[in-house]
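Ready for some practice at reading a fold? Grab a pencil, take a look at the model, and try each task before you peek at the solution.

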Amino acid sequence: MPDTLPGVLTWPVLPAQPGQPITLLQLTDLHLCESAQASLLGVPVESSFHAVLAQACQDFPDATACLLTGDLSDDGSEAAYQRLAAHTQSLPWPVMWLPGNHDDAATLQRVAAHQGEWGAVRCFAAGEWRVILLDSSVPGEVGGALGDAEYRLLELALMDSNDCPALVVMHHPACDSGTRWIDGQQLADGERFWQVLARYPNVKALLCGHIHQDIDRRVNGLRWLASPSTCVQFMPGAVAFQLDSASPGYRWLVLKPDGSLDSGVKRLPAGAFPVSGKHGEAYS
Ligand SMILES: [Fe+2]
């Protein structure tokens, strides 16, 4: 088990040089299916995920950890999680798994828990930073909510964070993105979320998936980051469901000891894994 810090919660500590920045990679909305050959809207999801991960490994060989932030499987199938586990097991970094609305959270957590000590970790220390992973999935619902158990974890973690700069991570957004058909799927209990965060100014940033877009803006005094999917992308600002022809990608984050944060998105070359249409049935 990694080193831990004393306190109310267990805070596994990422291996890192003291005083050095920590690089995290976020891969989100993989939508892997029971069949490894499956395609969604023309994109072979397993191949596009492998290509994005290979690109991330090449771009950031010295990254410290990787966060998989929901919709890891499109159909919640155990086969998809087992193949994901087999594929990520050889990575040189700890990999943390979070569920999204497409996942079967119980199956995901069971497979993640067998991924060594990091797969099912819900909060960890990353240098000077504290990172808190919340499950915003609601069985049978597309939209998200945290509910009492996740709010208890959030409160405990923030109380225990000793004013360290904190990053909160979950699948669903907690505010409007400007893409109207997705905005109704944000946290149903988001008002409570912002009330909690208002009491902890050490929370510097919020990172999510779900909206299959690159967003980097300030919301309620924090930096809000959302990220492209490793398969299909959604058109920013669309009123109704619309695909974007942007390529699959991932996000990198550098957490600095002074509490500042650098982040950006990298995508596969234009034209890699084109989608088969721009309109269709809503799919998030
Ligand atoms: Fe998704």
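Below are six exercises with worked solutions, all on this predicted model.

**Exercise 1: Lay out the five-stranded sheet**

Find the strand order of the open sheet of five strands, and say which strands are its edges.

*Solution.*
Step 1. Walk across the sheet from one side: the order is 7-6-3-16-17, and the pairing is mixed.
Step 2. Look for strands that pair on one side only: these edge strands are strand 7 and strand 17 (261-267).
Step 3. Check the twist, which averages 20° from one strand to the next.
Step 4. Now see what sits on the sheet. Helix 1 (residues 45-59) packs there and touches strand 3, strand 16 and strand 17. The direction of helix 1 makes about 170° with that of strand 3.

**Exercise 2: Parallel or antiparallel?**

Work out the sense in which strand 6 and strand 7 pair, then do the same for strand 3 and strand 16.

*Solution.*
Step 1. Recall the background: strands of a sheet pair through backbone hydrogen bonds, either parallel or antiparallel.
Step 2. Take strand 6 (residues 65-69) and strand 7: they pair in the parallel sense, over four bridges. For a concrete spot, cysteine 66 has valine 95 in strand 7 as its bridge partner.
Step 3. Strand 3 (residues 22-27) and strand 16 (residues 249-255) pair in the antiparallel sense, over five bridges. Here isoleucine 22 has leucine 255 in strand 16 as its bridge partner.
Step 4. Go back to strand 6 and strand 7 and add helix 2 (residues 78-88): together these three make a right-handed β-α-β unit.

**Exercise 3: Two sides of a strand**

Decide which residues of strand 7 point which way, and whether they are buried or exposed.

*Solution.*
Step 1. Go along strand 7 (residues 95-98): Val95 and Trp97 point one way, while Met96 and Leu98 point the other way.
Step 2. Check the burial: all of them are buried.
Step 3. Try the idea on strand 8 (123-126). Both of its faces are covered, with Cys123 and Ala125 buried on one side and Phe124 and Ala126 buried on the other.

**Exercise 4: The six-stranded sheet and its hairpin**

Find the order of the open sheet of six strands, then look at how strand 8 joins strand 9.

*Solution.*
Step 1. The order is 8-9-10-11-13-12, with mixed pairing.
Step 2. Strand 8 and strand 12 (215-219) each have a single partner strand, so each has one side without a neighbour in the sheet and stands at an edge.
Step 3. On average, neighbouring strands of this sheet are turned by 20° against each other, direction ignored.
Step 4. Strand 8 and strand 9 run antiparallel and are joined by four bridges. Alanine 125 has arginine 130 in strand 9 as its bridge partner, and cysteine 123 stands opposite isoleucine 132 in that strand.
Step 5. The hairpin of strand 8 and strand 9 has two residues between the strands, and glycine 127 there takes a positive phi near 60°.

**Exercise 5: Helices with a buried face**

Which residues of helix 4 are buried, and why do they end up on the same side?

*Solution.*
Step 1. Helix 4 (residues 147-159) has 13 residues and reaches 18 Å from its first C-alpha to its last, close to the 18 Å expected.
Step 2. Its buried residues are Glu150, Leu154, Ala157 and Leu158.
Step 3. These cover an arc of only 95° around the axis, which puts them on the same side of helix 4.
Step 4. On the other side, Asp148, Ala149 and Arg152 are exposed.
Step 5. The cover over the buried residues includes strand 8, strand 9 (129-133), strand 10 (166-169) and helix 6 (190-198).
Step 6. Repeat for helix 3 (residues 105-113), where Leu108, Val111 and Ala112 are buried. They fall within an arc of 100° seen down the axis, so they line one face of the helix. Helix 2 and strand 7 are among what covers them.

**Exercise 6: Positive phi outside glycine**

Is aspartate 163 buried or exposed, and what about phenylalanine 273?

*Solution.*
Step 1. Locate them: aspartate 163 is in the loop between helix 4 and strand 10, and phenylalanine 273 is in the segment after strand 17.
Step 2. Check phi, which is near 65° for aspartate 163 and about 55° for phenylalanine 273. Both values are positive, and neither residue is a glycine.
Step 3. Aspartate 163 has 11 other C-beta atoms within 10 Å, so this residue is exposed. Phenylalanine 273 has 21 C-beta neighbours inside 10 Å and therefore counts as buried.

Conventions:
Residues numbered from 1 in each chain as written. Predicted model: local features only at pLDDT ≥ 70, side-chain atom pairs only at ≥ 80, totals over all residues. Buried ≥ 20, exposed ≤ 12 C-beta atoms within 10 Å, placed from the backbone. Pairing = 2+ DSSP bridges. Right-handed = clockwise from strand over helix to strand, strands pointing away. Axes fitted to C-alpha atoms, helices over the stretch in contact; angles between N-to-C directions. Contact = placed C-beta atoms within 7 Å. Expected span 1.5 Å × (residues − 1). Arc of directions from axis to C-beta.
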